[in-house]
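New to this one? Take a look at the structure below, and then we'll walk through how its chains meet and what sits inside.

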Amino acid sequence: MNNQDMVEFRWHGRGGQGAKTACLLLADAAFSSGKYVQGFPEYGPERSGAPITAYNRISSERCGIHSNIYEPDYVIVVDEGLLSCVDVTAGLKETGAIIINSSRTPDELRAHLNGYQGRVCTIDANRISRDILGQVFPNTPMLAAAVKVSGVVDVDKFTSDMEESFHHKFASKPQVIEGNMKVLKTSMEEVQG
Amino acid sequence: MAHLDRLSGNEAVAVAMRQIDPDVMGAFPITPSTEIPQYFAQYVADGLVNTELVTVESEHSSMSVCMGAAAAGGRAISATSSAGLALMYETLYVAASCRMPIVLAVSTRALSGPININNDHSDAMGARDSGWIQIYAENNQEVYDNYVQAFPIAETENVRLPVMICQDGFITSHAVENIELLEDAEVKSFVGTYEPKHYLLNPDEPLAVGPYDVTHYYMEHKRQQAEAMRNARAAILAQAERFEALTGRKYGFFEAYKMDDAELALVLMGSTAGTAKAAVDMLRAEGRKVGLVKIRVFRPFPMEELAEALKNCRAVAVMDKSEGFSACGGPLFAETRSALYDLETRPKAINIVYGLGGRDVAVDDVRALYDRLADIAATGETGPVYSHIGVREEA
């Protein structure tokens with residue numbers, strides 16, 4: 001088993017924000033670009049608003065490991081409020097990055113990251129979602145930012161695959177597809193850090 | 001032609017069910033297997049299958065629905081977990097002793113209490129003596145492949161026993177991974193048409209199913225049932241051979257991973273085997289002679305074959321993902337140590353209870369077990385035979 005090129009992601013969100021869905025969409029996107037993927041949530045008491053964790057492993061070979069991820073390359077924080085109650089940078093590789101849903105800049109947030117020295121990125125996913133969709137669905141912009149920052153999937157291929165995926169996912173409400181695509185593109189343009 | 005996809009373990013099972021298109025599903029949801037009847041109900045609604053989906057008020061009833069369908073001569077399926085399997089307990093025994101080739105998908109989960117929705121094997125292990133064939137999977141691919149093989153095993157004339165297709169709840173049931181699916185026609189052809197010899201809806205042969213069995217007959221029926229379980233051994237291998245011819249994927253009673261010259265070995269079941277293989281690979285790269293045996297078929301238990309696989313080891317750790325409360329180790333340990341007894345020279349054996357209620361096991365945890373086995377091999381001292389890992393509070 002050789003997973004030298006394996007890239008590992010850890011998602012932190014709150015129940016109901018769609019972190020698990022974003023994690024599975026990242027797996028979809030990586031699968032579509034020919035990778036071996038794992039996308040899995042860590043379940044606890046299923047309460048709306050409770051902190052949840054989800055994980056991705058992406059590699060050019062099948063990964064047989066079925067444990068949680070303790071030393072991720074990338075961490076995605078879908079809810080900024082989690083910074084004060086979850087050790088989001090635990091084990092995060094300095095060569096990787098943390099991507100936080102926030103209206104603040106990376107420099108402003110660095111002080112809240114337990115001395116993490118790696119790359120810090122921010123994206124105001126709530127505002128993008130509210131402006132374009134009229135509601136706060138931060139998971140799609142966070143997914144797009146994760147793809148842009150990690151480079152784990154080619155951005156153009158990701159964009160076209162997501163459009164196809166939305167057609168499948170929103171087959172019963174096609175009116176939301178255009179907005180979600182705009183959210184995706186805006187997020188990739190605006191992510192800082 | 002293989003079809004590449006990415007599916008969770010639950011969806012993989014649902015796809016296999018759709019491809020088989022059974023006659024009846026008895027359905028009652030319970031975490032973490034709920035998605036299986038959920039996906040399947042969509043297939044029914046979309047007209048992709050001809051299955052009669054019977055939604056009921058409990059798992060006792062969902063298995064009873066399966067038994068009614070099987071008695072009538074149909075192919076019947078269900079899916080469950082944890083307390084749901086426990087609520088089927090009575091009917092599991094009836095299905096097996098009535099020799100009904102039902103297939104039950106189990107996304108394994110801890111049994112209460114305290115209440116917990118996460119994975120361990122205590123639900124399926126509780127049903128290990130119910131007379132069902134039990135086949136365990138490491139990942140989504142294996143649970144799909146096992147499911148496709150289940151009906152041909154169950155329906156083998158000298159077997160006619162129900163089959164439980166087990167996978168680790170959440171860890172594989174909810175993990176999306178790459179998978180190679182067979183074409184629908186390939187699955188239908190592999191599984192074939194079910195032609196029961198005896199069934200209720202046959203006016204030419206009136207019969208009773210499941211009547212009272214007096215003392216004068218009961219023991220004969222039980223011995224025949226035991227013989228059927230022994231016959232299942234050959235049926236399981238025969239279907240594995242057919243499956244390999246179709247897919248190239250090889251299955252047996254267990255997978256012996258890097259065991260040829262292994263001096264230290266683990267015996268375990270389910271998703272942790274994949275994590276443990278990563279540990280084996282790391283240790284092999286350091287020149288250490290380690291391997292593992294991943295049990296696929298727990299019932300019937302491959303006693304002689306397992307002893308043969310372990311006979312040259314110096315130390316073996318058997319990993320149980322259920323606490324048997326025997327005060328001397330879990331069920332897989334009891335079977336494995338019993339298998340080793342017949343060897344002239346046998347490895348030292350310890351039992352590790354792990355992963356209860358979803359407690360995570362990482363590669364380093366498994367590496368530490370091999371270090372412990374190395375100590376046992378070096379010193380000849382087994383130390384505590386039965387212990388738990390990953391526990392924050394030592395007793």
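A bit of vocabulary first: two strands count as paired if DSSP finds at least two bridges between them. Keep in mind, too, that this is a predicted model.

With that in hand, which residue of S8(B) is the bridge partner of Gly39(A)? The partner is Val176(B). That bridge belongs to a pairing between S2(A) and strand S8 of chain B, residues 176–181, which runs in the antiparallel sense over two bridges.

Now for the contact between the chains as a whole. Chain A puts in 19 residues and chain B puts in 22 residues. On the side of chain A that touches chain B, H1 and strand S2 (36–42) are the elements that give two or more residues. S2(A) provides the largest share of that side, with six residues. Here is how the side of chain A that touches chain B splits by class:

| Class | Count on the chain A side |
|---|---|
| Nonpolar | eleven residues |
| Polar | six residues |
| Charged | two residues |

On to the inside. The largest nonpolar core has 184 residues, and Ile98(A), Ile99(A), Ala146(A), Cys66(B) and Ile165(B) have the most contacts within it. Helix H1 of chain A, residues 19–32, gives the most to this core, namely ten residues. From chain B, domain 1 (3–247) and domain 2 (254–388) each supply at least three residues to this core.

Let's zoom in on Ile98(A). Setting aside neighbours within four places in sequence, Ile98(A) is in contact with residues including Val75(A), Val77(A), Val88(A), Leu92(A) and Tyr116(A). Thr89(A) and Cys121(A) are also among the contacts of Ile98(A).

Conventions. Residues numbered from 1 in each chain as written. Chains lettered and ligands numbered in written order. Predicted model: local features only at pLDDT ≥ 70, side-chain atom pairs only at ≥ 80, totals over all residues. Core = buried A, V, L, I, M, F, W, Y, C linked by C-beta atoms within 7 Å. Buried ≥ 20, exposed ≤ 12 C-beta atoms within 10 Å, placed from the backbone. Helix = DSSP H or I, 4+ residues; strand = E, 2+ residues; numbered from the N terminus. Domains from an automatic or database assignment. Contact = placed C-beta atoms within 7 Å. Nonpolar A, V, L, I, M, F, W, Y, C, P; charged D, E, K, R; others polar.
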